[in-house]
Amino acid sequence: MSRTLRSIRATAIGILLGLGFATTGFADSGVQVDEAEGLVRVTWTISPDESGSAVFSLDPEKPLIESLGVATDGEAAKPVATGLNPVTFLTVGSRDLKNPAGWVAFFDNPPKRPHQTFPIVLGKRRAIVSRDGARTTVSVAEAAAGSFRGDVRFTFHRNSPLIQAETVVATEEDGRAIVYDTGFAGANSGWDAIAWNEAAGPFKKVAFDPDSPATPLAVSGRAVAAESGGGSLAVFPEPHRYFYPLDEAFNLKFVWHGRDYGGAAQGYGIGVRQELTGDRRFVPWFNAPAGTEQHLGVFLLLTRGDGRRALDAVAKYTRGDRYKALAGHKTFTSHYHVEHTLEYLRRQKEQGISGQPRELETPGMVETFKARGVDIVHLAEFHVGETPRLGDAERLPQLKLLHEECARLSEKGVLILPGEEPNVHLGGHWISFFPNPVYWVLNRREGQPFVEDVEGYGTVYRVGSAEDVLRLMEREDGLMWTAHPRIKSSIGFPDGYKDRDFFRSEHFLGAAWKAMPADLSRPTLGWRVLDLLDDMENWRARKQIVGEADLFRMEPDFETYAHMNINYLKLDATPRFADGWKPVLDALRGGRYFTTTGEVLIPDFTVGGKPSGQDLGPIGEGETVVEASLEWTFPMAFAEVVSGDGRNVFRHRIDLADAGEFGSRKLRIPLDLKGRTWVRFEAWDVAGDGAFTQTVRLTAGEARPDGPAR
């Protein structure tokens, strides 16, 4: 008994297989799914001369994955791996919902409260198939872990060696916080060797030893590969979404290989993992609100080549963890508490020297930023409790050394710029940025002048109030913005001062974007700050959002790329430190940039011909054209044109499910924008990576006499 399975759109639930019928079709998705004799066979195009094969067993007594392979030029697929089961562990703790931050959590520590790790147990096997553009998803088994229930899914992408494997589960319990480890293991995988790139080190390959115990590895590129006679299989996580926010970007050995991982007797495997205690500071894990589908995902990559070729192929999706150089743009990153200046002074004191400590001649951060393709770095030094209390005698020498070291280090290939997170006088935490070296003390006392000339330093400012801070910014043409808005120590800000003069000033840029909190049920990152950008535009505040890292140390062997983002400023050249860096601040203030995790790029964006940061004249009847150029690595998911009218936010989604890996596209979107006051654009891929622009402001209708809605 057999029959043909009809094509299914993603809006449909899917069609159950397992009734002894075959499935064909799916031609436009490039994926074919067949079922016969208790096996579900998926074949799909990888390239013009290669196709992939994945065979799943519906027999609960057998490994779920019978084989994975690659065929070339019409030849039968050669197996790359055989007899594998998914090995997934879900660790479930609690979110401290008594904390005023609630789900907007960073200052929380689930690993310090009771928690439990559950193996994902497979239940009834069956195939449910759905198709969406260039990708096809096959759900092959029910799954459970503690109170979480769901299924195991594999998504195949046309013209791609990628397989997106996910255990998708939900719970009805409230206040859950989670992390997960996952991978694939079997007793007869057919592997000959295991390969990886060591953290800041060389490629390494070891012979397959079926008795080798499961071992965590510190690698670069977050990937591990297994070789066999038929090719190689690489396993790697989503490059940003898998990494919940931490203060430190330590390499916590995020991959594993070996036998019986986690005590599960599944044989030898490879996979990805989390260290439950993180960086041993605040370790918030992932939010898992009741009823939300949590996607515990990992990528597989198939190739006929060896382990090195597999790892090289994985690296292309993040461009080797390097931000691509774009003509007319320079890469800018902000908010690093490396405390280079204080470390310099500490080492001088320890060594009894007055000159350059040898160990800091070229600090690790310089090499790290160069490896990531960063052009301009904005520091956030002196993030220590005593800084606001320091007087001239301590504060001014520290600033002088900061300026001197930034100048010296900027000669090494990356422009290193001074900056601080002062956190006084305004409310919450905030960042300062000047276009040249500025000397200022944070605690002006009664009777002290706001500004005076000090021998050896020149002009010195002292600030003791929000009004003083604004005066300083006006005098020195500086910028300030809210650090980690609405989270951490900025909960309630910038909302709490949105009507203050300093916030409404052109010297208050807005706020900073980072992917926190983390929630694996969401298809995007950093929604907290994108929502704030929309709110600020509806306040008619004319503000920008700049990407921030908010990290402490930066070393070449750290996992920095996963925790970073980057701003592409529209600049033709990187300024020289000695000439000042006003063009950097002007680009920020003018909204002439986009922000990205790195995989998705938006080189151009206009509304009615106007780029971000500019104003478009009155909007009349008819449609206004929104245009955006996109470039990406992972297959795309969707884009959105986001707009507002001073009270409401509107979203126009563009489905990009047909946009396969490593592509580019120019979008032209006619929209009725009558009544809108601002427009922006964002785009996201299947791994949760994304990019967003700043806004174009519109003149639409009459201004409301009562101002923006509060």
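1. Surface. This is a predicted model. The accessible surface of the protein chain comes to about 26,300 Å². Carbon and sulfur atoms account for 48% of that area.

2. Burial. Look next at what is hidden from that surface. The chain has 710 residues, and 60% of them are buried. Here, buried means under 20% relative accessible area.

3. Secondary structure and compactness. How many helices and strands does the protein chain have? The count is eight helices and 43 strands. The radius of gyration is 27 Å, and the globule rule gives 27 Å for 710 residues, so the chain is as compact as a globular protein of that length.

4. Dimensions. Measure along the principal axes of the C-alpha trace, and the protein chain spans about 90 × 70 × 50 Å.

5. Contacts along the sequence. Take the contacts between residues at least 6 apart in sequence. Of these, 69% join residues at least 24 apart.

6. Nonpolar cores. The largest nonpolar core holds 130 residues. Which residues have the most contacts inside it? They are Y336, W440 and F681. A second core, separate from that one, has 67 residues. Among them are V31, V40, A165 and Y268.

7. A closer look at W440. Set aside its neighbours within four places in sequence. W440 is then in contact with R395, L399, E420, P422 and W430. Its contacts also include S432, F434, Y461, V463 and L472.

8. Charges. The protein chain carries 82 positive and 96 negative charges. How far apart are the mean positions of the two sets? They are 2 Å apart.

Key: Residues numbered from 1 in each chain as written. Predicted model: local features only at pLDDT ≥ 70, side-chain atom pairs only at ≥ 80, totals over all residues. Heavy atoms only, no water. Helix = DSSP H or I, 4+ residues; strand = E, 2+ residues; numbered from the N terminus. Rg over C-alpha atoms; globule rule 2.2 N^0.38 Å. Buried < 20%, exposed > 50% of the residue type's maximum accessible area, 1.4 Å probe, protein only. Contact = heavy atoms within 4.5 Å. Areas by Shrake-Rupley, 256 points an atom, 1.4 Å probe, with all protein chains shown as cover. Lys, Arg positive; Asp, Glu negative; His and termini not counted. Charge placed at Lys NZ, Arg CZ, Asp CG, Glu CD. Core = buried A, V, L, I, M, F, W, Y, C linked by side-chain atoms within 4.5 Å.
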